[in-house]
Amino acid sequence: MTGFASLPPAAPEVLDPRELEGLQAAVGVLAHRRLAVLTGAGLSTDSGIPDYRGPGSAPRNPMTYQEFVGDVANRRRYWARNHIGWSHLRHADPNAGHFAVAAMERRGLLTGLITQNVDRLHEDAGSVNVVDLHGRFDQVVCLENGHTFTRGLIAAILEEINPGFLEAALASNVVEMAPDADATVEDPELITSFAMAVCPICGGTLKPDFVYFGENVPKDRVVRAYAMVDEAQALLVAGSSLTVQSGLRFVRHAAKAGKPVVIINRGATRGDAFATLKLEAGVSGALDYLARELPGLAEPYPPIGISSD
């Protein structure tokens, strides 16, 4: 269980002539260069996971870290909604784009993969050298003493101490899911009745082990991600609007170093001004095309080590 699913993976979109022309140009830019890849929520939409900012996405106001830690009512609301989201979205499968990135890694075309997604679908598809920049949804951390637990264990505890809650939620109005498995619920009494779990070891406050808005990405992840970009000869961005600085900085870094930057995303991104080439195309289909069309390299990348994330 990695965390999500409301729909089975969709087949890659059929690329239209304009998209194919753009991808052929992308092959011209990226061929014979070792790549760092940065992915965002737009890649996982074909796995049934909603996007935050893509075309057609509903406006959302995610809870910040400061709101979560500063108010017990906020934490209760978050965990209640997240428990509903987890129950709906926990069986997602990788799509063709995830498998394409893993195939490029196996061929030695990548220095590494940086993902802003917490869904772990890249790992499920077989990618190994991955920086989960914003953390991972399949893990929960104790804020007091750093104990970590699987999300499945915490879900089981929440079900035990909240009997009938999920059934009541289904009978209320679960409006929409978000990429972090938050759920909009139109029943305040249901939320206030929710019992939160505490750390099974020390009784401390639990938080899903991913980076909230307003929270800093751990330094070791940033260092690893910069190293991937530094070792690469080009940067490929797929499915990210680059709205938050945590991803945009790698685009700026690559461009400043004179490395080509190719961005594939439906809709404008904050990194467009730094891009050598920007493509409006379906992300999973575009990555599948690139995995098939990019030529091999004369010297394969050294053997890939297991990520410490």
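## Ile-264, the nonpolar cores and Asn-117

In this predicted model, Ile-264 is in contact with Leu-23, Leu-236, Val-237, Ala-238, Gly-239, Leu-279, Ala-281, Val-283, Ala-286 and Leu-290, leaving aside residues up to four places away in sequence. Ile-264 also belongs to the largest nonpolar core, which has 32 residues. Together with Leu-30, Leu-287 and Leu-290, Ile-264 touches the most other members of that core. In soluble globular proteins, nonpolar side chains tend to be buried together.

Several helices and strands give two or more residues to this core, and they are listed below.

| Type | Elements giving two or more residues |
|---|---|
| Helices | H1 (17–30), H4 (96–106), H11 (283–293) |
| Strands | E1 (35–39), E2 (110–115), E9 (234–238), E10 (261–264), E11 (277–279) |

Helix H11 makes the greatest contribution to the core, giving six residues. Another core, of 26 residues, lies apart from this one and includes Ala-80, Trp-86, Phe-149 and Ile-154.

A second site of interest is Asn-117. This residue is found in the loop that lies between strand E2 (110–115) and helix H5 (121–125). Asn-117 has a relative accessible area of 7% and is therefore buried, since that value falls under 20%. Not counting residues up to four places away in sequence, Asn-117 touches Thr-39, Gly-40, Ala-41, Ser-44, Asp-132 and Gly-135. With one of these, Gly-40, there is a polar approach: the side chain of Asn-117 reaches the backbone oxygen of Gly-40 at 3.0 Å. Leu-133 is 16 residues from Asn-117 along the chain, and the C-alpha atoms of the two are separated by 7.6 Å.

Notes:
Residues are numbered from 1 along each chain as its sequence is written. This is a predicted model: local features need pLDDT of at least 70, side-chain atom pairs count only at pLDDT 80 or more; totals for chains, interfaces and linings use all residues. Side-chain values use heavy atoms; hydrogens and water are left out. Helices (H or I, at least four residues) and strands (E, at least two) are DSSP runs, numbered from the N terminus. Buried means under 20% relative accessible area, exposed over 50%, partly exposed in between (1.4 Å probe, protein chains only). Contact means heavy atoms within 4.5 Å. A polar contact is a pair of N or O atoms within 3.5 Å; within protein, one must be able to donate a hydrogen and the other to accept it, and residues adjacent in sequence count only if both atoms are side-chain atoms. A nonpolar core is a set of buried Ala, Val, Leu, Ile, Met, Phe, Trp, Tyr and Cys residues joined through side-chain atoms within 4.5 Å.
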